[in-house]
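Please walk me through this structure, one part at a time. I would like to know how its pieces fit together.

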Amino acid sequence: MSSLIPVRFQEFDLDAMAQAEGRVAIIIPSDGKMNPAARRANRLTKGAVARLVESEKFGKSKTGDVISMAWPAGMAAEALDVVVLPRRPEADEARKAGAALAKSAGGKDMLVMVGNQAHTENLALGMVLRSYDFNAHKTKDSEGSGSITIGHSKPKEAEAEFAPLYAIADGVRMTRDLTNEPANVLTTTEFADRLVEMQELGLEVEVLEEDKLAELGMRTLLSVGQGSASPSKVVVMHWNGGDKDDAPLALVGKGVVFDTGGISLKPAGGMEDMTMDMGGAGVVAGTMRALAKRKAKANVVGLVGLVENMPSGNATRPGDVVKSMKGDTVEIINTDAEGRLVLCDVMWYAQERFNPVGMIDLATLTGAIIIGLGHENAGVFSNNDTFCDAFLKSARAEDEGAWRMPLGDAYDKLLKSRIADMKNVGGRPAGSITAAQFLQRFVKEDTPWIHLDIAGVASVSSETSYAPKGATGWGVRALSRFVQDNFE
Ligand code: BES
Ligand code: MN
Ligand code: ZN
């Protein structure tokens, strides 16, 4: 497990600049107009900042770029970072600039002289998100665990504004940690334990074990985990920050801690990536953490289905027919289409028990969504335009790619089975859509529902603006905002 980089807010003190060790950052807008911190740095460095501003490099720079000057004369710092940013940036410009700054700092202590710059909280959020480093299993040479100090003209106010964003960043951190963790460490039991720990944040957490799941009739979920030595579990997290009588929003996550494909075994090449097949459950966990830490005034329930998909003498076979909690039977054509079998039972349970105002499921569900949308956008499927548009708006505001995909009867027909109520696969064409159609069969008519296929965005092999290679935490920010804008 990693911890968030600490952030301190202190008085904007020009005299502190010369003495600060580690790195010092100043902000200069594209027009080159220097604020007091830039002028002081310029004086300390005997005009080096002014020469930078007049340089071709600065002329060609864009908003959000960072230009570093190493070992600046007249300062104790090992680098002076110049952040190109207007005094009144948009929130996302400030966030991106912060991320770029953290990237150039590489885990060193940073003093950022922001003064009375607008959107400091977003600048700091970008820094914290990009400072993430998963080094739990490195015994050597991991990047330093530095700290961030923000020099602000109103430090108390800036800190108060930043507090909820720091809570969200901690949710993102948790999602990334869970998603990055290998499957021998993050077993279903370890996953459940980490969720139970969140009780200390005021969440109520229940763990449903296999006997209980069998009693509830969750046979499609159990059929996925039955080949594994790790027990299947469903964990329910309640955040009751709203009115007592308000029905909750339900978040449901696919938590396949490892997906071998089961008897429909995946090829060896790249199979190690399937440690991230619990990414949906990871986002649900991180979002619940963010909501609890920022004390969201809303009722939200998070449910995750934790299973491991392994081949064995007890594993489900292709051709097996199992009954879901809803009562519908499923012919399992391909044991590698397991995510939908987990989700359908948890989604049904969520609706039966909580009668939620809306339900959002998240899953690394199909390889096909990566073919369609790459690593830039999650696939969004919904039965309700208003609900869906509100989510898309939140995702856009947080710069988390999300693109709506179609649903329709013609796709649903592809799931017809000769011997059961449905098959678990619909063939190669429109693979992400038939997966979503499968899920929709377990959504009640009057439940506003969104399915997010995050197979392409949960973990990526090249860095993004806000995250190093690996788990991104995609969705925690969008969901936290979605709750804030629609349910608080
Ligand atoms: N977990 C995979 C989907 C996946 C693929 C996630 C790549 C992340 C990266 C899922 O369980 C799966 O195996 N889906 C199959 C479905 C098929 C058998 C209908 C797929 O996409 O190939
Ligand atoms: Mn699979
Ligand atoms: Zn899977």
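Just after helix α5, G106 takes a positive phi of about 55°. This is a predicted model, so that angle, like every value here, is computed. The helix before G106 covers residues 91-105. Helix α5 has 15 residues and reaches 21 Å from its first C-alpha to its last. That is close to the 21 Å expected at 1.5 Å a residue. Several residues of α5 are buried: A94, R95, A97, G98, A99, L101, A102 and A105. An α-helix has 3.6 residues a turn, so residues three or four places apart point the same way.

Turn next to strand β2, residues 23-28. Six of its six residues are buried, so β2 is largely enclosed by the rest of the structure. In a regular strand the side chains alternate between the two faces of the sheet. In β2 both faces are covered. R23, A25 and I27 are buried on one side, and V24, I26 and I28 on the other. Strand β2 pairs with β4 (residues 79-84) in the parallel sense, over six bridges. R23 has A79 as its bridge partner in β4. Strand β2 also pairs in the parallel sense with β5 (residues 110-115), here over three bridges. In β5, M110 stands opposite R23.

Now look at another sheet. Eight strands form an open sheet in the order β7-β8-β10-β9-β13-β17-β14-β15, with mixed pairing. Strands β7 (204-208) and β15 (402-404) stand at the edges. Each has a single partner strand, so one side of each is left without a neighbour in the sheet. From one strand to the next, the twist averages 20°. Within this sheet, β14 (residues 378-382) and β17 (residues 449-453) run antiparallel and are joined by four bridges. G379 has D453 as its bridge partner in β17. Helix α14 (residues 385-397) packs on the sheet. It touches β9, β13 (358-363), β14, β15 and β17. The direction of α14 makes about 155° with that of β15.

The metal site comes next. Which residues hold the manganese ion (ligand 2)? Its protein donors are D259 (OD), D336 (O), D336 (OD) and E338 (OE), lying 2.0 to 2.2 Å from the ion. The six donor atoms around manganese subtend angles of 70 to 167°, which makes the arrangement irregular. The donor residues of the manganese ion are spaced D-x76-D-x1-E in sequence. D259 lies in strand β9 (residues 249-259), while E338 lies in the loop between β12 (329-331) and α12 (339-354). The pair therefore ties together parts that are 79 residues apart in sequence.

The zinc ion (ligand 3) has K254 (NZ), D259 (OD), D277 (OD) and E338 (OE) as its protein donors, lying 2.0 to 2.4 Å from it. In sequence these donor residues are spaced K-x4-D-x17-D-x60-E. Is the zinc site octahedral or irregular? With angles of 78 to 174° among its six donor atoms, the zinc site is octahedral. Ideal angles for six octahedral donors are 90 or 180 degrees.

The two metals share a ligand. D259 bridges the zinc ion (ligand 3) and the manganese ion (ligand 2), which lie 3.2 Å apart. D259 is buried, with a relative accessible area of 3%. E338 also counts as buried, at 1% relative accessibility.

How values were computed: Residues numbered from 1 in each chain as written. Chains lettered and ligands numbered in written order. Predicted model: local features only at pLDDT ≥ 70, side-chain atom pairs only at ≥ 80, totals over all residues. Heavy atoms only, no water. Donors = N, O, S within 2.8 Å, 3.2 Å for Na, K, Ca; no water. Tetrahedral: all angles 85-135°; square planar, octahedral: opposite > 155°, others 65-115°. Helix = DSSP H or I, 4+ residues; strand = E, 2+ residues; numbered from the N terminus. Buried < 20%, exposed > 50% of the residue type's maximum accessible area, 1.4 Å probe, protein only. Pairing = 2+ DSSP bridges. Axes fitted to C-alpha atoms, helices over the stretch in contact; angles between N-to-C directions. Contact = heavy atoms within 4.5 Å. Expected span 1.5 Å × (residues − 1).
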